[in-house]
Amino acid sequence: MIKSHFKTAFRSLQKNKGFTAINVLGLALGLATCLLIIFYVADELSYDRFNIKADRIYRVNTDIKYGGNSSSYAISPPPLAASLSNLPEVEKAIRLIASVGTRFKKGNENIIETQVVYADADIFDVFTLPMIDGNPKNALTEPNTIVISQRAAQKYFNRINVVGNYLFLVSENKNFKITGVIGNMPRQSHFNFDYFLSMPSLAASKDNNWNAFSFNTYILFKKGTDHKNFESKLNTLIRQHFGQDNYARMEKSGGYIKVNLTPVTDIHLQSNRQYELESNSDITYVYIFSAIALFVLLIACINFMNLSTARSANRAREVGVRKVLGSSRRGLIVQFISESLLVTLTATVIGAFSAWALLPLFNQVSAKELSLTPQTLGWLLPSLIVMIIVTGVLAGSYPAFYLSAFKPIDVLKGKLSTGFKRSNFRNFLVVLQFSISIFLIIGTLVIYNQLNYIQHKNIGFNRNRVLVIKNVSTLDNAKIFKQEVKNIPGVDNASLSGFLPTGSLRAPDAVFTNKTPDPKNALFTEIWPVDEDYLNTMGMNIAKGRNFSDQLKTDSSGILVNETAARMLGYSNDPLNKKLYSPQNKGGKTIIKEYHIIGVLKDFNFKSLRDNITPVVMILAEDKGALSVRIDAKNLAPFVAKIENKWNALSPDQHLEYSFMDKDFDAVYKFEQRTSKIFLSFTAFAIIIACLGLFGLAAYAAEQRNREIGIRKILGADVSALVTLLSKDFIKLVLTAIFIAAPLACWAMHRWLQGFAYRQNIQWWQIASAAFGAIIIALVTISFQSLKAAMANPVESLRSE
């Protein structure tokens, strides 16, 4: 019986090739889009789940409010892990601290590695990092030992069995013994390191200062531990070590230090704190793309329903004859569901191959490395079967029940009304389709407008034509290098400092308005060491006072504050020559350094535009983290070659590493840029699918009104009048969709924009453009069928009457 149903379904679909082609193409495109999004979402949700004990691993976070500023950190004090290990709920507690710009020696060449971390010895008991060679129990227990990845072993030794060999750490000027080789870490990890240095090798690991926050601390709980209850115990521990009196003073001034826990599987999508080991994604976009997948699939299913019910005139007599010959309604329903499943099966096969073919392009746009692995196929094939059944039944259910309900007596007497206007449910589905498409169009316009605003906003410094030379600290004579670079024709200025508005190097600390450090007179701020050329090189402006000068020895105790810092200090009106005090550690003793304000900087954005500008102060001090060069050269290649020659003369064993500041700035928003491209692509797919359905509906609407059009033409109606007649019903539905989608899209995108401290409001032209675009798209789609019907010979349509 089932074979008979599918055989009949195949013949019916073959008989109506146009209908079948539109449905198969629409469903295939919808399913391909849905599959690509499923790959993306599955990859995002899989982060850190490769760890066998992932459900028991948590990271300790710190939230601080001090000196009027609130900050959220992914780090905690150095001695915390050791204290946690003594608690009965904790199985293991470990620390990680990334080492930025570590240099290893390979032959005569110094190689800078970025994926380097200092790690406690128990890291292999917490995280699942299978060791290919070596003993994970003692691999990192001794100073000057290192565990490397398989990739790193191949890079430096061209083999994997390297345990017992040494890597020379240039920055430490000592050899590190390789005690283990692990497999390359999965990409789906919130950190991805190739070099694990032993924690005893780091002097700062022995620091018992509970006021310092520098280590990423992870806890492996014992089974059955309630981590929420543990948080209160953790905060009590912090309060005890911070000092009850100190904590009381902080609370009295409105401040606090609180710690909380984040499950390791939530870090990638739900954590955006300062000092993350790597930049993370956002769960919001997982929700958005999941909704888009559902919407696109829904649009494709709506196409099927609409076209199937629109063909009711063609199928009505068939249903009537079948019922007269004894077919039950149940049998007819099964027949129509069979047709739907056959179309869905064909579309799924085409869609799956299309998704596979588009995967490399999608990887390029999304910066992923998605592929069809045995593990992927393990969940993909069952998912496809479920998708075929669900989509087939969903798309075919309404047409099946609708068509099988026809009464044979009415059908065979010709009393069945099949006009386009009579199907309210079908009209509702068309409105729903275009509401979704218009919603996505508005969303795309808002995202692009916000990204364009970010690109062109005045951020308080000039990032264009600034070359940033990195790792200048490796040079013994960085100041000589700076001077030689400044002498190159085409250089406007140059500045030595690793603290850049587009960089990651930061130094948050407190300054005070009197000599006695007290939370009541504190300001928690960034403190940046810079030189006298810094402001001119960065294109920053002074609001009040003056810049540093190398001609004034007193400027060693001078300080520049930004407008936000001046306002929070209460110095907005008259900040110049006001005193600020900074506790500093000198030889194990705390001394109070006195500064006087010599100038106020105009505010500049040194964080993402998602965040408000926070206080920053600058002092005249040496820092060789980077050399920033403002250039006026027209031809960059020869200019960079000259700088490289200067670099090689001073450091022949070290490669010149550089970037351009505007590119570094853009990199902060790479995630949004990638997201907007994906959003645009899926929006285009949704519109194409909706148009396919509208094209099919227009064809059947014209077919149903064939006789009317013929009579109107004979009575003198021109082509434009007939096109208007056939198009107006569809345009009314599109207009209805606009009125429904516009407020919903505005609400949703307004909420998205709230994630940016600096943002563009939703503009009227974005709504108007989306509405106008939807109408034009609908008109273009409908016009082909309308013109075809309006220009047809009326004799042909009336011959059978």
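This section walks through the surface, the helix packing, the ring pairs and the salt bridges of a predicted model.

A convenient place to start is the outside of the molecule. Seven side chains, namely Leu345, Val349, Phe353, Trp356, Leu372, Leu377 and Leu381, make up a nonpolar patch on the surface. Taken together, these residues have about 680 Å² of accessible area. Two elements each give two or more residues to the patch: helix H11, which spans 329–366, and helix H12, which spans 374–404. The most is given by H11, with four residues, while Leu381 is found in H12.

Helix H15 offers a view of the inside. Within this helix, residues 478–486, the side chains of Ala478, Phe481, Lys482 and Val485 are buried. Looking down the axis of H15, these buried residues fall within an arc of 100°, and so they line one face of the helix. Their packing partners are strand S14 (466–470), strand S15 (491–496), strand S23 (626–631) and helix H18 (636–650).

Met661 is another buried residue. Met661 is placed in helix H19, residues 661–668, and counts as buried because its relative accessibility is 0%, the cut-off being under 20%. Beyond its neighbours within four places in sequence, Met661 is in contact with Phe461, Arg463, Val466, Val468, Thr502, Met538 and Ser628. Of these contacts, Val466 gives a good sense of the fold: Met661 and Val466 are 195 residues apart in sequence, yet their C-alpha atoms are 5.5 Å apart in space.

Thr236, in helix H6 (residues 227–242), is partly exposed, with a relative accessibility of 43%. Thr236 and Val259 are 23 residues apart in sequence, and their C-alpha atoms are 9.7 Å apart in space.

Aromatic rings come next. Searching the whole structure yields 23 aromatic pairs. One of them joins Phe289 and Phe682 in an edge-to-face arrangement, with 6.3 Å from centre to centre and 85° between the planes. This pair links distant parts of the chain, as Phe289 lies in helix H9 (residues 283–310) and Phe682 in helix H20 (residues 670–704), 393 residues apart. Both rings are shielded: Phe289 counts as buried at 1% relative accessibility, and Phe682 is buried with a relative accessible area of 2%. The pair also belongs to a wider group, since ring pairs link Tyr40, Phe289, Phe362, Phe682 and Phe685 into a cluster.

Charged side chains complete the picture. Side chains of opposite charge can pair when their charged atoms come close. Over the whole structure, the search finds 19 salt bridges. In one of these, Arg59 is bridged to Glu276, with 2.7 Å between the closest N and O atoms. Here too the partners come from distant parts of the chain: Arg59 lies in strand S1 (residues 57–66) and Glu276 in the loop between helix H8 (267–270) and H9, 217 residues apart. Arg59 counts as buried at 0% relative accessibility, and Glu276 is buried as well, with a relative accessible area of 17%.

Arg187 and Glu369 form a further salt bridge, at 3.6 Å from N to O. Arg187 lies in the loop between strand S10 (174–182) and strand S11 (195–198), and Glu369 lies in the loop between H11 and H12, so this pair ties together parts of the chain that are 182 residues apart in sequence. Arg187 is partly exposed, with a relative accessible area of 31%, whereas Glu369 is exposed, at 59%.

Asp574 and Lys578 also meet in a salt bridge, with an N to O distance of 3.8 Å. Lys578 is partly exposed, its relative accessible area being 26%. Finally, some salt bridges share partners, and through them Lys92, Asp122, Asp125 and Lys137 are joined into one network.

Conventions:
Residues numbered from 1 in each chain as written. Predicted model: local features only at pLDDT ≥ 70, side-chain atom pairs only at ≥ 80, totals over all residues. Heavy atoms only, no water. Patch = residues over 30% accessible without salt bridge, like charges linked within 9 Å, V, L, I, M, F, W, Y side chains within 5 Å. Areas by Shrake-Rupley, 256 points an atom, 1.4 Å probe, with all protein chains shown as cover. Salt bridge = Lys/Arg side-chain N within 4 Å of Asp/Glu carboxyl O. Buried < 20%, exposed > 50% of the residue type's maximum accessible area, 1.4 Å probe, protein only. Arc of directions from axis to C-beta. Contact = heavy atoms within 4.5 Å. Phe/Tyr/Trp six-rings, centres within 6.5 Å; stacked < 30°, edge-to-face > 60°.
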